[in-house]
Every structure is written in C-alpha cells, then in structure tokens.
Amino acid sequence: QKPILLQGHERSITQIKYNREGDLLFTVAKDPIVNVWYSVNGERLGTYNGHTGAVWCVDADWDTRHVLTGSADNSCRLWDCETGKQLALVKTSSAVRTCGFDFGGNIIMFSTDKQMGYQCFVSFFDLRDPSQIENNEPYMKISCSDSKITSAVWGPLGEFIIAGHESGELNQFSAKSGEQLSNIKEHTKQINDIQTSRDMTMFITASKDNTAKLFDCTTLDHLKTFRTERPVNSAALSPIFDHVVLGGGQEAMDVTTTSTRIGKFEARFFHLAFEEEFGRVKGHFGPINSVAFHPDGKSYSSGGEDGYVRIHYFDPQYFEFEFEA
C-alpha cells in the first residue's frame with residue numbers, strides 16, 4: 001500500500017504527534033514551522049507561525065483545544081488548536097527540548113537544554129493561573145545538573161513525569177513536590193525518545209545504544225529489550241496489538257557516506273512479548289527521527305531526516321495475521 005507523503009517542512013523532522021482521537025497529526029522540524037494535518041488523507045489543515053528557530057517538540061491536550069511547542073529560539077508557546085492563534089509565550093534561557101500537557105490539560109511541563117552556561121531545568125506551569133505565564137514564574141522548577149534531559153513524558157494521572165537523560169538514566173519526578181521518586185540506568189547511551197502505551201501502564205525508550213526498552217510506568221521495572229544494529233531515534237507501542245515500531249538509522253552526519261540500502265533507514269516492527277522482529281518498511285532517504293502509531297492502531301506515521309512525513313496504512317492481512325497468531 002502506498003504511503004501518504006506529507007511535504008510541509010524544509011528541514012529534518014524532529015517530532016510527530018497524533019492527537020487523542022487520531023484525526024490530526026502534528027509535525028515539527030528543524031525549521032520554525034509547526035504543521036497540523038488531517039491524518040486520514042494527508043491534507044494540511046494549517047500552520048502555527050511564530051517560532052524563529054528549530055522546533056524540537058510538540059504536544060496536544062486531551063480534547064485537542066490547545067497545542068504546545070518548544071523551540072531552539074528559547075521559547076515554549078501555547079496555541080489555540082483551531083485558530084492557530086498564539087495564546088501564551090514562555091521565554092527561557094536555553095532551547096526547549098521536550099514539552100507536554102498533563103492528563104487534564106491544565107498543567108504543562110517543559111525541559112530546557114544545558115547550554116550557554118545555563119543548567120537543564122524542568123518547569124511546570126498551571127494554565128489555570130494566568131499570572132504564572134505572565135510573570136514567567138513556574139509553580140515548580142527542577143534542576144538537573146548532572147546530565148541534560150533529552151526526552152520526557154507525563155506518567156499516568158499526571159502525578160509524575162518520566163525523564164530520559166543524555167547519560168542513559170531514567171528518572172521519575174513528582175509533579176507536586178518535584179522530588180526524584182526513582183532513578184534507574186538501563187541504557188548505556190543517550191535516550192532519544194520516550195512514548196507511553198495507550199493505557200499509560202508501560203512506556204518504551206529509544207536510545208543511541210542501539211536498543212529500545214520497555215518499562216513499567218510506575219515501578220520503572222525493565223520488562224523487554226528490542227535490539228538493532230544502529231541507534232534508535234524513536235519507538236512507539238501499538239494501541240491494539242503487541243507490536244512495537246522502531247525508527248532510526250546511523251547518525252545524520254554520516255548519512256551522505258552510505259547508500260540508502262546500507263544506511264538501514266527502514267521502520268522496524270517487533271513483537272512486544274517475544275522481542276522478535278517480524279517486518280520492515282522502507283521509504284525514507286535518511287534516518288527516521290520520530291514514529292507514532294495512530295490511536296486506532298490501523299496506521300502509523302514516521303518522520304525522517306529527509307524532511308518528509310509518511311503515513312502508512314496497514315494491509316487487511318496485518319490484522320488477520322495478528323488474530324490468527
């Protein structure tokens with residue numbers, strides 16, 4: 001089946017994200033444009049204009065009213081999803097690397113990079129209190145002096161966040177007190193991506209150490225490991241099957257020296273329980289930087305270093321095969 005090709009960015013994709021219903025797909029890249037698309041046919045619905053640097057992260061709240069973006073222009077911005085109007089602008093002292101809404105959509109968190117003499121911080125703002133945004137004073141700020149946060153997501157019910165670090169460590173920080181609840185180190189290199197399962201009981205990490213690992217959200221118990229022979233940039237869990245999709249490839253700066261065949265730019269599918277690979281999907285002309293399953297599990301999308309986003313719908317056999325299995 002031919003994928004739907006989304007061409008809305010001039011530079012490499014940094015993150016793609018479905019809203020909860022899955023009718024919209026948000027894409028951000030190393031250009032200042034934030035795009036939103038209809039996932040069913042790949043039609044571009046509109047853009048959120050305002051950033052002046054690469055946009056690293058994007059998130060939409062539970063009822064898709066607001067969109068949150070974080071950028072290398074040292075800002076985190078809140079948008080009205082429907083009109084594209086900028087509702088809030090939080091200025092930071094370094095680039096915003098990760099961002100997200102909590103379960104209720106009232107609290108936002110974002111992490112900033114350790115650069116230009118500034119520490120890495122995670123900031124929490126309550127959107128119900130407009131003065132926090134106006135005065136640029138989060139109700140809580142957690143400093144991470146050892147190793148910068150490269151990916152972070154909210155845990156179940158918005159009680160804590162799960163943060164992955166450059167060093168390969170994983171932390172849980174309480175969203176109420178800011179204290180570190182637990183800390184583990186299963187990866188040997190930087191964690192590139194964290195995504196939770198549909199029911200928020202598990203999450204999967206993608207790392208530069210050529211593996212993706214599955215963990216329990218509350219206990220951080222390490223459950224499964226999916227091994228490849230190249231860095232994994234992104235990993236996602238299917239909402240309906242025991243399937244995992246991994247995207248990666250070698251470092252972006254080495255891409256020009258290898259052919260697309262050797263570069264291993266396919267999306268790779270693994271079985272969640274057996275840790276076995278059962279399929280690959282080719283298509284991108286460079287490493288895949290972000291993958292996401294549609295919330296109904298019938299399609300998945302990938303965004304690559306080549307600046308394209310591809311929406312792949314699964315064949316009917318895919319569903320028959322799984323039910324027989």
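**Salt bridges, loops and repeats in a predicted model**

Arg 268 is buried, since its relative accessible area is 2%, and in this predicted model the side chain of Arg 268 meets that of Glu 229 in a salt bridge, with N and O 3.0 Å apart. The pair links distant parts of the chain, for Arg 268 belongs to strand β24 (residues 267–271), whereas Glu 229 is found in the loop between β21 (222–227) and β22 (232–237), and 39 residues separate the two. Glu 229, unlike its buried partner, is partly exposed, with a relative accessible area of 44%. Salt bridges that share partners extend this pairing into one network, which joins Glu 229, Arg 230, Glu 266, Arg 268, Glu 277 and Arg 280.

A search of the whole structure finds 12 salt bridges. In general, side chains of opposite charge can pair when their charged atoms come close. One of the salt bridges is formed by Arg 20 and Glu 21, whose closest N and O atoms are 3.2 Å apart. Arg 20 counts as partly exposed because its relative accessibility is 30%, which lies between the limits of 20% and 50%, and Glu 21 is likewise partly exposed, at 42%. A further salt bridge brings together the side chains of Asp 126 and Arg 128, with an N to O distance of 3.0 Å. Here the two partners fall into separate classes, as Asp 126 is buried with a relative accessible area of 15%, while Arg 128 is exposed with a value of 54%.

Attention may next be given to Gln 190, which is placed in the loop between β17 (180–185) and β18 (191–196). Although it is a loop residue, Gln 190 is buried, because its relative accessible area of 18% is under the 20% limit. The side chain of Gln 190 makes a polar contact of 3.1 Å with the side chain of Asn 192. When neighbours within four places in sequence are left aside, the residues in contact with Gln 190 are Thr 150, His 165, Glu 166, Gly 168, Ala 206, Ser 207 and Lys 208.

The unreviewed UniProt entry lists residues 6–47, 48–89, 184–225 and 281–311 under "repeat: WD". In the model, the span 184–225 is 57% strand and 0% helix, and its end C-alpha atoms are 15 Å apart. For residues 281–311, the strand content is 52% and the helix content 0%, with the end C-alpha atoms lying 11 Å apart.

Two loop residues were then examined for their backbone angles. Most residues other than glycine have a negative phi. Asn 74, which lies in the loop between β7 (66–71) and β8 (75–80), has instead a positive phi, near 60°. Leu 220 also has a positive phi near 60°, and its place is in the loop between β20 (211–216) and β21. Leu 220 is buried, with a relative accessible area of 3%.

On the surface, Tyr 38, Val 40, Leu 45 and Tyr 313 form a nonpolar patch, which together presents about 350 Å² of accessible area. Within this patch, Val 40 is placed in the loop between β4 (34–38) and β5 (44–48), and Val 40 is classed as exposed because its relative accessible area of 61% is over the limit of 50%.

How values were computed:
Residues are numbered from 1 along each chain as its sequence is written. This is a predicted model: local features need pLDDT of at least 70, side-chain atom pairs count only at pLDDT 80 or more; totals for chains, interfaces and linings use all residues. Side-chain values use heavy atoms; hydrogens and water are left out. Helices (H or I, at least four residues) and strands (E, at least two) are DSSP runs, numbered from the N terminus. Buried means under 20% relative accessible area, exposed over 50%, partly exposed in between (1.4 Å probe, protein chains only). A polar contact is a pair of N or O atoms within 3.5 Å; within protein, one must be able to donate a hydrogen and the other to accept it, and residues adjacent in sequence count only if both atoms are side-chain atoms. Contact means heavy atoms within 4.5 Å. UniProt positions are given in the numbering used here, feature names are shortened, and annotations may be inferred rather than shown by experiment. Patches are made of residues with over 30% relative accessible area and no salt bridge: like charges are joined within 9 Å, nonpolar side chains (Val, Leu, Ile, Met, Phe, Trp, Tyr) within 5 Å. Accessible areas come from the Shrake-Rupley method with a 1.4 Å probe; for residues, only the protein chains shown count as cover. A salt bridge is a side-chain nitrogen of Lys or Arg within 4 Å of a carboxyl oxygen of Asp or Glu.
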